[in-house]
Amino acid sequence: MWTRRNWLMLAAFLGFVSVAAGAFGAHAAADERASELLKTGAQYGLAHALAVLVWGANSKSASRGGVAPALFLGGATVFCGTLYAIALGAPPLLGAVTPIGGLLLLSGWLALAWSLRRENP
């Protein structure tokens, strides 16, 4: 069973990985391209880690609107993960998978908006 605690722990882990990738990109990346890929992944990862944290802090249950954080975390894993992998030497062809992560992130925002349509102000 997915609980708010599980979502929040995954978001915290995503935040950790994002900060680590950003720091590596800023201080130890092999070249300018690798640095940019790591920084981009870090920005998107942090943004979506925060989105899941805010969702978790404001959600009354793990099931209400739970598809949005799943899409955020899954999308960040694919999007950021492929950027990190390419920056660290994976074949550039892996970049063909990156847009799938972006679509998952976009879908997460739509899912969040859809879940909020019934909320009382």
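Leaving aside neighbours within four places in sequence, which residues is His 48 in contact with? In this predicted model, the list reads Leu 14, Phe 72, Leu 105 and Trp 109. His 48 itself sits in helix α2. With a relative accessible area of 6%, His 48 counts as buried, because the cut-off for that class is under 20%. Two of these partners turn up again among the buried residues of their own helices: Leu 14 is one of those in α1, and Leu 105 is one of those in α4.

The helix that carries His 48 is a good place to go next. Helix α2 has 27 residues, and its first and last C-alpha atoms are 39 Å apart, close to the 39 Å expected at 1.5 Å a residue. At its N-terminal end, α2 is capped by Asp 31, with a side-chain oxygen 3.1 Å from the backbone nitrogen of Arg 33.

Helix α1 (4-27) tells a similar story about length. Its 24 residues should span 34 Å at 1.5 Å a residue, and the end C-alpha atoms are 35 Å apart, so the two values agree. The buried residues of α1 are Trp 7, Ala 11, Leu 14, Gly 15, Ser 18, Ala 21, Gly 22 and Gly 25. The elements covering them include α2 and α3.

Ser 18 deserves a few words of its own. This α1 residue has a relative accessible area of just 1%, so it falls under the 20% cut-off and is buried. A polar atom of the Ser 18 side chain lies 3.4 Å from the backbone nitrogen of Leu 46. Not counting residues up to four places away in sequence, Ser 18 touches Ala 42, Gly 45, Leu 46 and Tyr 84. Leu 46 therefore shows up both in that contact list and as the partner in the polar pair, which meets the 3.5 Å limit.

Further along α1 comes Ala 26, and here the picture is more open. The relative accessible area of Ala 26 is 46%, so this residue is partly exposed, a class that runs between 20% and 50%. Once neighbours within four places in sequence are set aside, Ala 26 is in contact with Ser 35 and Lys 39. Leu 38 is 12 residues away from Ala 26 in sequence, and their C-alpha atoms are 8.3 Å apart in space.

Now for the pockets. The second largest pocket has a volume of about 160 Å³. Two elements, α1 and α3, give two or more residues each to its lining. Helix α3 supplies the largest share, six residues. The full lining consists of Leu 10, Phe 13, Leu 14, Val 17, Leu 73, Ala 76, Thr 77, Cys 80, Gly 81 and Tyr 84. Sorted by class, that gives eight nonpolar and two polar residues, with no charged ones. Leu 14, a pocket-lining residue, is also a contact of His 48, while Tyr 84, likewise in the lining, is touched by Ser 18.

Helix α3 (67-87) also holds Ala 70. Ala 70 is partly exposed, with a relative accessible area of 36%. Its C-alpha is 8.6 Å from that of Val 52, although 18 residues separate the two in sequence. Beyond this helix, the loop between α3 and α4 contains Pro 92. Pro 92 has a relative accessible area of 69%, so it clears the 50% cut-off and is exposed. The C-alpha atoms of Pro 92 and Thr 82 are 9.3 Å apart, with the two residues 10 positions from each other along the chain.

That leaves helix α4, which covers residues 98-116. Its 19 residues reach 28 Å from first C-alpha to last, close to the 27 Å expected at 1.5 Å a residue. Buried positions in α4 are Thr 98, Gly 101, Gly 102, Leu 105, Gly 108, Ala 111, Leu 112 and Ser 115. These buried residues pack against α2 (32-58) and α3. Leu 110, also in α4, is a counterexample: its relative accessibility of 62% makes this leucine exposed. Leu 110 and Gly 75 are 35 residues apart in sequence, and their C-alpha atoms are 13 Å apart in space.

Note on methods:
Residues numbered from 1 in each chain as written. Predicted model: local features only at pLDDT ≥ 70, side-chain atom pairs only at ≥ 80, totals over all residues. Heavy atoms only, no water. Helix = DSSP H or I, 4+ residues; strand = E, 2+ residues; numbered from the N terminus. Expected span 1.5 Å × (residues − 1). Buried < 20%, exposed > 50% of the residue type's maximum accessible area, 1.4 Å probe, protein only. Contact = heavy atoms within 4.5 Å. 1 Å grid on protein atoms, 1.4 Å probe; cavity = no way out; pocket = protein on both sides within 12 Å on 5 of 7 lines; lining within 4 Å. Points joined across faces, edges and corners; volume = space filled by probe spheres on them. Nonpolar A, V, L, I, M, F, W, Y, C, P; charged D, E, K, R; others polar. Polar contact = N/O pair within 3.5 Å; in protein donor to acceptor, adjacent residues only side chain to side chain.
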